[in-house]
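Thanks, everyone, for making the time. I would like to walk through one structure with you, beginning at the ligand and then stepping back to the whole protein.

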Amino acid sequence: MGWLKKERRNQFLIIGLGRFGTSVARTLHNLGYDVLAVDAEEERVRRAACENIATQVLQVNATDPDALKQIGAGEFQVAVVAIGSFLQESILATLNAKEMGIAYVVAKATTPIHGAVLEKVGADRVVYPESDMGRNVALSLTSRGMLESLQLDPEHSIVEVVAPREFTGQTLRDLDLRRRFRVNVLALRHDGRFNVNPDPDDRIGAGDIIVMIGANRDLDQLPKADL
Ligand code: ADP
């Protein structure tokens, strides 16, 4: 590999090029980062190389520590193990990535048990793309005015909502959301511009967007926008 060690700080190793891994690799690559993408299957590697989803695509079996060593995997700061459907391979690849010394390993899980095992073998972050996306789609269908939601853990989220009509014309101080609903306002968007440091005297306008953090239970109690 001709990649210099010191430059690997901004480089990403993506293991497994199914739909999820391909999307992670392509997004990072399009953002201008150097991405080394690997898969055990020749056909997957060929396709990924043709589609130009990464800086470099190699055929590597990530369950084999020697194969990972050969590509200098230990020099990466961040790896994403995107092997969802192959339980044993996903666990071994995560274990190998951590043992190789990669500081931050994100691993995709398909079930809570799978996720728990990945955490046990050292994954720094476990993601559940299917269930998270399913939840977001359901929320977007049911919660009027919910634009985005980011689940922090099973009980807490950050949500982006259209301000409900009864909020308009009031300041954050008037609304007193922290006391009344136990949620904190992180940012307000007015006329397309975000204010990430809102002041208690900032007034909510019609159609403004509010970004809040809180317990799901409390966030659910907030009045909904009348769209
Ligand atoms: P998705 O659900 O995101 O489409 P999959 O879990 O179906 O993802 O795909 C996983 C990918 O990981 C496949 O392309 C498969 O070839 C690859 N893979 C499986 N085992 C290994 C391994 N030991 N090393 C590297 N890649 C692997």
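Let me start with α1, which contributes three residues to the shell around the ligand and thereby gives the most to it. Please keep in mind throughout that this is a predicted model. The helix α1 covers residues 19-30, and it is joined by β2, at 34-39, and by α4, at 87-99, as elements that each supply at least two residues of that shell.

How many residues surround the ligand, and which are the closest? There are 22 of them, and the closest are G16, G18, R19, F20 and G84. For those of you thinking about the chemistry of the shell around the ligand, the breakdown by class is ten nonpolar residues, seven polar ones and five charged ones.

Now to the protein as a whole. The domain assignment divides the protein into domain 1, residues 5-127, and domain 2, residues 132-219, and the centres of these two domains, taken over C-alpha atoms, are 35 Å apart. Along its principal axes, the C-alpha trace of the protein spans about 60 × 35 × 30 Å.

As for secondary structure, the protein holds nine helices and eleven strands. Of its 227 residues, 28% count as buried. Finally, if we take the contacts between residues at least 6 apart in sequence, 56% of them join residues at least 24 apart.

To return to where we began, the element to look at beside the ligand is α1, the one that gives the most to its shell.

Definitions and conventions. Residues are numbered from 1 along each chain as its sequence is written. This is a predicted model: local features need pLDDT of at least 70, side-chain atom pairs count only at pLDDT 80 or more; totals for chains, interfaces and linings use all residues. A residue is near a molecule or strand if its C-beta atom, placed from the backbone, lies within 6 Å of it. Helices (H or I, at least four residues) and strands (E, at least two) are DSSP runs, numbered from the N terminus. Ala, Val, Leu, Ile, Met, Phe, Trp, Tyr, Cys and Pro count as nonpolar, Asp, Glu, Lys and Arg as charged, and the others, Gly among them, as polar. Domain bounds come from an automatic or database domain assignment. A residue is buried if 20 or more other C-beta atoms lie within 10 Å of its own, exposed if 12 or fewer, and partly exposed in between; C-beta atoms are placed from the backbone. Two residues are in contact if their C-beta atoms, placed from the backbone, lie within 7 Å.
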